[in-house]
Each structure stands twice: as C-alpha cells, then as structure tokens.
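Here are some short exercises to try with the model open in your viewer. Have a go at each task before reading its solution.

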Amino acid sequence: IGTKRDITLKDLYEKWNSSRYPKLATKTRQMYETAWNHLSKIEDMMFRDIKKSHMQDIIDNMVESKLSYSSCHKVKVLAVQLFTYAIADDIVHKNYASLIELPEDKSGKREPFTDLEIKAIEKLAKTNAWANTILILIYTGMRIGELLNLTRFNIDIEHMLITGGSKTEAGKDRVIPIHINIQQHIKYWYNKNTDYLITRNDNKIRVDYYRKYLYYPALKEAGTRKLSPHSTRHTFGTLLDKAGANTKAIQDLIGHADYSTTANIYTHPDIEKLRKAIEMM
C-alpha cells in the first residue's frame with residue numbers, strides 16, 4: 001500500500017498547482033508554468049528521492065544552453081515552493097532546492113526584483129523578520145541607512161506615514177505613505193517599542209552588518225537572485241512606473257524632493273497625491 005511519501009514530482013506539482021494557481025495572477029502562473037517546463041525533466045522521480053544534484057543538473061544545462069539568469073532563478077523559486085509544500089505534508093524534511101547554485105547575474109545590480117521574487121520574499125516575510133525588512137525597502141524606496149535610522153517617532157501609525165530619509169538634498173525628511181502590503185510589518189517593529197524601529201536584540205543595526213548577515217541570507221532563503229540592496233529602490237521606482245504614477249510623485253517618494261517635518265505636513269495636499277501613487281502599486 002502506497003503512502004503519501006510515494007509521490008512523484010509530477011503528482012506533487014499537480015497537487016500544489018491545484019491549490020495554489022487559483023490564487024495567483026495570470027502573469028505569475030505563466031512564470032511557474034515556464035519554470036515547470038524545465039523542472040519536469042525529472043517529473044517521474046519519487047519526490048523523496050530528489051536531491052540538490054538532480055535540480056542542479058537542470059540549472060547547469062540551462063546555463064549551457066545560454067538561457068538567462070532570470071529563467072534559472074524561476075526554476076529555483078518553483079523548486080523551493082514545491083519542497084516547502086512537501087515539507088508541510090511530511091513528505092520530505094529538508095528543502096534541497098534552497099541549495100541550488102545559480103549562475104552569476106550579469107544583468108547588472110540595478111535590475112529590479114521580479115514579481116515572482118517579490119512574492120517569494122512576501123511568503124518568507126510571514127516567518128522571517130529580516131525578509132519583512134526587505135519588503136519595507138521595496139515598498140518605501142528607502143536606503144538601508146535610512147531604514148535603520150528610523151525611530152518610532154518617524155512613524156505616524158494612525159495615518160500610516162513614514163517621515164525620514166538621508167540628510168541630503170536627495171531626500172531629507174521626505175514623507176512616504178505606507179503601502180498596505182507592509183503595514184503589518186511596520187506594526188510588527190513599531191510594537192516592539194525600541195529606540196530604533198528596526199533592531200536586533202533591541203540594538204541598532206549597522207548598515208554593513210544588515211547587508212551581509214541579514215539582507216543577503218534572507219534573499220538566499222527566499223530563493224531569489226542576489227541583487228544589491230540598491231535594487232530595492234530600483235524595484236520601488238519600477239513598480240510605481242508600471243502602475244502609472246506620474247514622474248513628480250516618483251521623484252518625491254524616492255527622495256528627489258524635500259518636505260518640512262512641521263505639524264501641518266499631514267494636511268499638505270501633496271501627501272494625498274503621494275498616497276494615491278503608493279496605492280497604485
């Protein structure tokens with residue numbers, strides 16, 4: 001008599017497919033389907049027998065065939081999702097897909113995260129606090145230093161606004177409406193009631209420490225490309241542009257306009273324009 005552990009990759013994919021696909025956007029479904037075309041080369045294997053080497057061979061063959069980094073990382077993201085699904089059902093106990101090695105990304109550090117990568121980070125953020133800080137960077141366009149310098153006093157939790165930014169012409173004390181996708185994460189840190197908003201063991205985090213020991217490890221666990229922290233700002237601008245936000249709003253939100261931090265900032269008509277731009281994403 002077979003057990004739930006006696007399931008092939010194909011059968012597990014179809015089970016995952018039926019439960020997940022109805023909840024996904026059309027573009028995201030198409031991305032997973034494209035990735036499956038490659039992963040399906042081992043579809044008849046028992047899922048419990050699949051190890052990193054089997055999936056790595058697929059990635060290596062894709063590289064030899066001159067397929068893009070983006071195509072390779074989509075396969076890894078799908079594999080990570082399937083292993084996560086299998087672990088939850090006690091079919092396997094280790095996510096070998098997270099060990100897949102991707103080729104060097106030659107597309108440039110300013111490339112934005114894809115929709116699929118953002119979804120992977122969002123999923124991880126439910127259990128990983130550092131992944132939720134990456135989401136905050138993506139949906140605010142803040143630099144690492146700007147985020148780590150925020151205190152609770154920079155957060156208007158009632159109106160869901162952040163006032164902060166580098167003390168430079170490129171963003172001193174700008175106002176950023178908090179996107180609905182990160183409101184719960186902002187509240188998570190805000191409710192810790194520490195001196196700084198984002199802390200580790202209640203202590204302020206250094207930029208280089210965050211980048212090396214928190215940011216990149218979280219990206220690795222999410223199964224995304226190893227894009228630089230600056231790519232979160234580029235992603236923010238790209239999301240705004242794709243949503244149809246006007247150039248002035250994008251410049252203001254990213255940090256090309258200064259705003260006074262006086263009490264009347266929240267009644268400034270431009271704030272509502274910025275909020276509408278954020279909500280378009």
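**Exercise 1: a helix and its buried side**

The buried residues of α3 pack against α2 (26–39) and α4 (69–88). Keep in mind that this is a predicted model.

Task: Find which residues of α3 are buried, and work out why they line one face of the helix.

Solution:
- Start with the extent of the helix: α3 covers residues 52–64, and its 13 residues reach 18 Å from the first C-alpha to the last, close to the 18 Å expected at 1.5 Å a residue.
- Next, pick out the residues under 20% relative accessible area. In α3 the buried ones are Met 55, Gln 56, Ile 58, Ile 59 and Met 62.
- Now look down the axis of α3: the buried residues fall within an arc of 155 degrees, so they line one face of the helix.
- A general point helps here: an α-helix has 3.6 residues a turn, so residues three or four places apart point the same way.
- Finally, move past the end of the helix. Lys 66, which follows α3, has a positive phi, near 65 degrees.

**Exercise 2: two helix crossings**

Task: Determine how the axes of α1 and α4 are oriented to each other, then do the same for α2 and α5.

Solution:
- Take helix α1 (residues 9–20) with α4: their axes come within 10 Å and cross at roughly 90 degrees.
- Angles of 65 to 115 degrees count as roughly perpendicular, and α1 and α4 are therefore roughly perpendicular to each other.
- On the α1 side the contact includes Leu 9, Leu 12 and Trp 16, while α4 contributes residues including Leu 78, Leu 82 and Tyr 85.
- Turn to α2 and helix α5 (residues 115–125), which pack with axes 10 Å apart at an angle of about 95 degrees. This pair is therefore roughly perpendicular too.
- Here Lys 27, Thr 28, Met 31 and Tyr 32 of α2 meet Asp 115, Leu 116 and Lys 119 of α5.

**Exercise 3: the sheet**

Task: Establish which strands stand at the edges of the sheet, and which residues of β3 are buried.

Solution:
- Write down the strand order: the open sheet has three strands, β1-β2-β3, with antiparallel pairing.
- β1 (155–156) and β3 each have a single partner strand, so they stand at the edges, and one side of each lacks a neighbour in the sheet.
- Follow the pairing of strand β2 (residues 161–164) with β3, which is antiparallel over four bridges. Ile 162 has Ile 176 as its bridge partner, and Gly 164 has Arg 174.
- In a regular strand the side chains alternate between the two faces of the sheet.
- Check each face of β3 (residues 174–177): Arg 174 and Ile 176 are buried on one side, Val 175 and Pro 177 on the other, so both faces are covered.

Conventions: Residues are numbered from 1 along each chain as its sequence is written. This is a predicted model: local features need pLDDT of at least 70, side-chain atom pairs count only at pLDDT 80 or more; totals for chains, interfaces and linings use all residues. Side-chain values use heavy atoms; hydrogens and water are left out. Buried means under 20% relative accessible area, exposed over 50%, partly exposed in between (1.4 Å probe, protein chains only). Two strands pair if DSSP finds at least two bridges between them. The expected span of a helix is 1.5 Å times one less than its number of residues. The arc is that of the directions from the helix axis to the C-beta atoms. Contact means heavy atoms within 4.5 Å. Axes are lines fitted to C-alpha atoms, for helices over the stretch in contact, and angles run from 0 to 180 degrees between N-to-C directions. Angles under 35 degrees count as roughly parallel, over 145 as roughly antiparallel, 65 to 115 as roughly perpendicular and the rest as oblique.
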